[in-house]
Amino acid sequence: SVTYGGQAMTKIVDRGYFVSYNAYTAAFILNEAGIAAATSNVFVVTWGTAPSATAAFSSVFLSGVNQSSLVGNTGTGASTTTTAVTTPLSTNDGDMAFVAGTCGNTGTYSTINGFTEAIELAPSSADGVCGYLSSAGGSVTPGVSHTSVNRQSVIGFVVQHAQPPPPLAEF
């Protein structure tokens with residue numbers, strides 16, 4: 001579980017790939033009311049089973065998110081080859097799709113399928129990557145590529161755009 005400023009975050013999606021060693025990737029979200037109620041800017045992660053190596057984390061704050069329906073489609077994947085992709089995700093115009101991957105080896109990560117790499121994390125003996133894609137609608141397939149794979153897990157999810165209110169009519 002994860003908290004931000006004492007506020008419980010909701011798990012969006014996670015994927016573990018456990019072959020000899022572990023690769024685990026997860027995403028959590030907090031709505032605007034939860035962010036406003038936070039008493040600090042501290043993230044706290046509580047593990048059911050503590051990782052055997054140093055874990056890595058990243059975060060992002062977004063605006064224009066649909067507060068009544070934060071997340072759309074989600075998908076996961078795993079691989080022992082260079083690339084790993086999720087199932088295709090449907091999006092609407094203005095949505096933002098995210099991808100995150102974890103590899104059990106060090107090397108170089110990149111995002112694929114049109115996703116922009118935002119950050120690469122390099123804890124000891126592993127790698128992680130996060131990326132995004134602004135969508136005009138349609139199907140997207142979150143994916144990652146690593147130069148030295150033994151096993152990797154990947155997640156993808158869509159954060160739904162808040163539709164602007166209709167323009168006021170003047171009479």
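**Reading rings and burial in a predicted model**

Mentor: Let's open with Phe157: its relative accessible area is 11%, so it counts as buried, the cut-off being under 20%. Keep in mind that this is a predicted model.

Trainee: Got it. What does the secondary structure of the protein chain come to?

Mentor: Count the elements, then read their order. Here there are 13 strands and 1 helix, running β-β-β-β-α-β-β-β-β-β-β-β-β-β along the sequence. The radius of gyration is 17 Å against 16 Å from the globule rule for 171 residues, so the chain is as compact as a globular protein of that length.

Trainee: And how do I see what share of contacts joins residues at least 24 apart?

Mentor: Set aside pairs that are less than 6 apart in sequence, then look at the separation of the rest. In this chain, 72% of those contacts join residues at least 24 apart. As for burial, 36% of the 171 residues are buried.

Trainee: Now the rings. How many aromatic pairs does a search of the whole structure find?

Mentor: The search gives 3. For each pair, check the distance between centres and the angle between planes. Take Tyr4 and Phe43: the centres are 4.8 Å apart and the planes sit at 50°, so this pair is tilted.

Trainee: Which parts of the chain does that pair link?

Mentor: Distant ones: Tyr4 belongs to strand 1 (residues 2–4) and Phe43 to strand 5 (residues 43–45), with their positions 39 residues apart. Tyr4 is buried, at 9% relative accessibility, whereas Phe43 is partly exposed at 37%. Together with Phe61, Tyr4 and Phe43 form one aromatic cluster.

Trainee: Back to Phe157, then. Why is its pair with Phe98 called stacked?

Mentor: Look at the angle: the planes are at 15°, with the centres 5.3 Å apart, so the pair counts as stacked. The cut-off for that is under 30 degrees. This pair also ties distant parts of the chain together, with Phe98 in strand 8 (residues 89–103) and Phe157 in strand 13 (residues 152–159), 59 residues apart. Phe98 is buried too, with a relative accessible area of 10%.

Trainee: One polar case, please. Is Ser135 buried or exposed?

Mentor: Use the relative area again: at 9%, Ser135 is buried. Ser135 sits in strand 11 (residues 127–140), and a polar atom of its side chain lies 2.9 Å from the backbone nitrogen of Gly137.

Trainee: With which residues is Ser135 in contact, leaving aside neighbours within four places in sequence?

Mentor: They are Thr91, Asn92, Asp93, Gly94 and Asp95.

How values were computed
Residues numbered from 1 in each chain as written. Predicted model: local features only at pLDDT ≥ 70, side-chain atom pairs only at ≥ 80, totals over all residues. Heavy atoms only, no water. Phe/Tyr/Trp six-rings, centres within 6.5 Å; stacked < 30°, edge-to-face > 60°. Helix = DSSP H or I, 4+ residues; strand = E, 2+ residues; numbered from the N terminus. Buried < 20%, exposed > 50% of the residue type's maximum accessible area, 1.4 Å probe, protein only. Polar contact = N/O pair within 3.5 Å; in protein donor to acceptor, adjacent residues only side chain to side chain. Contact = heavy atoms within 4.5 Å. Rg over C-alpha atoms; globule rule 2.2 N^0.38 Å.
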